[in-house]
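Q: Could you take me through one part of this structure up close? I'd like to see how a single site is built, and then how the chain around that site looks as a whole.

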Amino acid sequence: MNSAPWWKEATIYQIYPRSFFDSNGDGEGDLTGITANLDYVKKLGVDAIWLSPFYTSPNKDGGYDVANPRDVDPRFGNLADAKKLIDRAHELGLRVLADIVPNHFSDQHEWFQAALNSPAGSIERSRFHFYDARPDGTPPNNWISLFGGPSWTQVDDGQYYLHLFDSSQPDLNWDNPEVHADFEKTLRFWIELGVDGFRIDVAHGLVKEDVLANHPDPQGLSNALRLDVAMDTEKRNALLLTVPYFDRQGVHEIYRKWRKIFDSYEDREIMAVAEAWVHPPVNATRYVRADELHQVFNFDLLTAEFKADVLFDVIERSIALNATVNALPTWALSNHDSPRVASRIGSEQARALALFVFALPGSTYVFAGQELGLPDGELEDSDRADPTFFRTNGEIKGRDGARVPLPWKGDSTPFGFSTGKPWLPISQDWKPLTVESQELDPKSSLHLYRNALELRTKHLTGKGGITWLESAHHGEKSENLLSYSRGEVTVVLNLADSAAECEISGRALIVSGCVIDSHDGKKVIPARSCAWFVA
Ligand code: GLC
Ligand code: CA
């Protein structure tokens, strides 16, 4: 049998190591804590885990500020712990993706320290983007960091270096062959330790052009790039076409080289998924051309309103665009950079949307805690750790709410996550949301996820494309219903605040809301819920 590669229609569980499970009581999750709970992950029914960075890092940006990409930060353990984690995952039949961060290093990386101790024009500085100040002493151009504030920081001798993110995250210069060689070494290092692939951070950002040119509206551009800043869609889209530092053609050369490295491990099926926020959306497909990467994130569902026409457009477009390069889409409702889906659209809606998305072709990403229906944690400003919060002087609260540690068991916070004080507080209100509480409740979000993922594997994986059911997305009558069939399964989403009757034959396999009733031969789909039927 010619079986599809493992990642084609995988469910991939994203673990933010600092927030998963703390094995040594210091209040921060760690690799040993993950290893100890891989049975839980396996039982969910996922195929792989993606680990957000656990490399040596001063942790100014949650580890996306890497000081040594080929070692483990002591807060998370050591390389032997990483190896144990990978081996245990493999024993359980789970693949492991590492997160590679090629746009920038931490300012604590030895290369950057060497650059600081070397003169302008030196080899050491050529690994980053160092430039002289303009004659009036101001930065080389007017770009604004994605975390707020200028994207240039001045060093003692007057030169400036570029950082699209925090000042502690100097951008690497991908015109320098040493940078290429170092990342190729890092890829091989982790593949040889056992990882099955990579999530590529800021995959669209590596190559810069015209680094000295000003942008006509840097503040507008910076707002357009922020999902948490509201803006007229046309205005946003127009600005997004003008980003000078993203999605340059040169990035594709890099991924062609990387693909050759992945494929050189012939018996391994190494895969990579790009974090590429690009515009227009068709550009994302370039990252998954046959000789480049395997998947590219589709972030549209992280912001899409819970409305039939919006969801229809997002899903239809993603499937169609990917098809042009013979790739399958990816789906994500939450990640460590965006508000949790249960907070953003409501918990019933979040369950419904998960079910709707799990039946689609392609890979699905689940952010740890999403299966528990966790909302964003409510935090005091004094708890916050996200550099966005600091660089915007608190104007933008940042992403910590989605990063609150997982509640595991017991009656009081921190619910088994740690025996110490968790690095972000876990609300006492989360008691009904612990793994332990949800295990006991067959209607819980946890059971819904487990059941859905099992049924997905049984009835849907490998079953080809979807057919939208005409009646469900056209005409006034059905503006609150969205429905498609795939293989032998029919999926119906009722977005309305009241139950809806549908003519569907067959039996209900699973429903995100309360039990399905039949009425005059019609099925009654509860408000704000999704159901799968099988013929
Ligand atoms: C990516 C990561 C995000 C990080 C940024 C800079 O977008 O997902 O968490 O802050 O890159 O590395
Ligand atoms: Ca710990």
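A: Let's begin with E28, which has a relative accessibility of 13% and counts as buried because the cut-off is under 20%. This residue is one of the protein donors of the calcium ion (ligand 2) in this predicted model. E28 gives its O atom to the ion, while D22, D26 and D30 each contribute OD and N24 contributes OD1. These donors lie 2.2 to 2.4 Å from the calcium ion. Along the sequence, the donor residues follow the spacing D-x1-N-x1-D-x1-E-x1-D. N24 makes a nice contrast with E28: N24 is exposed, at a relative accessible area of 52%, whereas E28 is buried.

Now for the chain that holds this site. Its secondary structure comprises 16 helices and 21 strands. The radius of gyration is 23 Å, close to the 24 Å that the globule rule gives for 535 residues, so the chain is as compact as a globular protein of that length. Measured out along the principal axes, the C-alpha atoms fill a box of roughly 80 × 50 × 50 Å.

Burial is also worth a look: 59% of the 535 residues count as buried. Among contacts with a separation of 6 or more, 68% come from residues 24 or more positions apart. The accessible surface of the chain is about 21,400 Å², and carbon and sulfur atoms account for 50% of that. Finally, the chain carries 53 positive and 77 negative charges, and the mean positions of the two sets are 3 Å apart.

Notes: Residues numbered from 1 in each chain as written. Chains lettered and ligands numbered in written order. Predicted model: local features only at pLDDT ≥ 70, side-chain atom pairs only at ≥ 80, totals over all residues. Heavy atoms only, no water. Helix = DSSP H or I, 4+ residues; strand = E, 2+ residues; numbered from the N terminus. Rg over C-alpha atoms; globule rule 2.2 N^0.38 Å. Buried < 20%, exposed > 50% of the residue type's maximum accessible area, 1.4 Å probe, protein only. Contact = heavy atoms within 4.5 Å. Areas by Shrake-Rupley, 256 points an atom, 1.4 Å probe, with all protein chains shown as cover. Lys, Arg positive; Asp, Glu negative; His and termini not counted. Charge placed at Lys NZ, Arg CZ, Asp CG, Glu CD. Donors = N, O, S within 2.8 Å, 3.2 Å for Na, K, Ca; no water.
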